[in-house]
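Hi,

Here is the structure I said I would pass on. Have a look at it first, and then read my notes below.

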Amino acid sequence: MAMQELTDQQLVALYLKGKEQAFETLLMRHKDKIYGFVYMKIRDHALSQDIFQDTFVKIVNTLRRGAYNEEGKFLPWAMRIAHNLVIDHFRKANKTRMISESSSKSDEFNIFSVLSLTDKNVEEGLMKDELEQQMVGLIDHLPETQKEIVHMRIFKDMSFKDIAFEKDISINTALGRMRYAIINLRKMIEKHNLVTEIA
């Protein structure tokens, strides 16, 4: 059986037995979702790449210590690791901002960077992350043409002009596919009773 056909749980077991290719398969299977998840929080490609790499270093170290016991739920577990590293980043950023509050009001930064990270805020953040993980999962159920546009627009932060150029389609076609993707996502959200706002 090819590595790609194995479950996450089987791949983890093989990796722990010394099969490096099993981990490469896990990485290739989930890298887009995990990187996209981090980027949605950070909105900075270079920093997101750093946190993404740190996530997989931590995953490897945890697996090698034999501390993985998530009953085959590898992706949610990996997402939690990524989430914790993102929170660590914003804790540090928040401390820096408290020391120097001279940054411009127009500066863009993630909402977590201005939160005082109380237990309540962290809990709400986890709820928001869980929702976003579900959203990433829903995107996979879109038609391929719509899924490509969503990934390029949201995860790669590409303009519709750049998307149209890369896919060799008109800007109106790219916009139309994005619009239909949003309509389909809303239908799936209603079908699965997902909450789209955190109070």
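How much area does the protein expose, and what share of it do carbon and sulfur atoms supply? The exposed area comes to about 12,500 Å², with 52% of it supplied by carbon and sulfur atoms. Please keep in mind that this is a predicted model.

Now the overall layout. The protein has eight helices and zero strands, so along the sequence you read the pattern α-α-α-α-α-α-α-α. Of its 199 residues, 38% are buried. I also looked at contacts between residues at least 6 apart in sequence: 57% of these join residues at least 24 apart.

Next, the inside. The largest nonpolar core has 31 residues, and the ones touching the most other members are F23, I34, V38, I59, L63, F74 and W77. Four elements give two or more residues to this core: α1, α2, α3 (45–64) and α4 (74–99). The largest share is that of α4, with 10 residues. There is also a second, separate core of 20 residues, and V150, F155, M158 and A164 are among them.

The pair I spent some time on is α1 and α2. Two packed helices are described by the angle between their axes and the distance between the axes. Here, helix α1 covers residues 8–16 and helix α2 covers residues 20–42; their axes come within 7 Å and cross at roughly 145 degrees. The crossing of α1 past α2 is left-handed. On the α1 side, D8, L11, V12, L14 and Y15 make the contact, while α2 brings E20, A22, F23, T25, L26, R29 and H30. By type, the residues of this contact are seven nonpolar, two polar and three charged.

One residue to click on is L11, which sits in helix α1. Is L11 buried or exposed? L11 counts as buried because its relative accessibility is 0%, and the cut-off for buried is under 20%. Leaving aside residues up to four places away in sequence, L11 touches M3, L6, A22, T25, L26 and R29. You can also check the spacing between L11 and F23: they are 12 residues apart along the chain, and their C-alpha atoms are separated by 6.7 Å. F23 is worth finding for another reason too, as it is one of the residues that touch the most other members of the largest nonpolar core.

Cheers

How values were computed
Residues numbered from 1 in each chain as written. Predicted model: local features only at pLDDT ≥ 70, side-chain atom pairs only at ≥ 80, totals over all residues. Heavy atoms only, no water. Axes fitted to C-alpha atoms, helices over the stretch in contact; angles between N-to-C directions. Left-handed = near helix turned anticlockwise from the far one by under 90°. Contact = heavy atoms within 4.5 Å. Nonpolar A, V, L, I, M, F, W, Y, C, P; charged D, E, K, R; others polar. Buried < 20%, exposed > 50% of the residue type's maximum accessible area, 1.4 Å probe, protein only. Areas by Shrake-Rupley, 256 points an atom, 1.4 Å probe, with all protein chains shown as cover. Core = buried A, V, L, I, M, F, W, Y, C linked by side-chain atoms within 4.5 Å.
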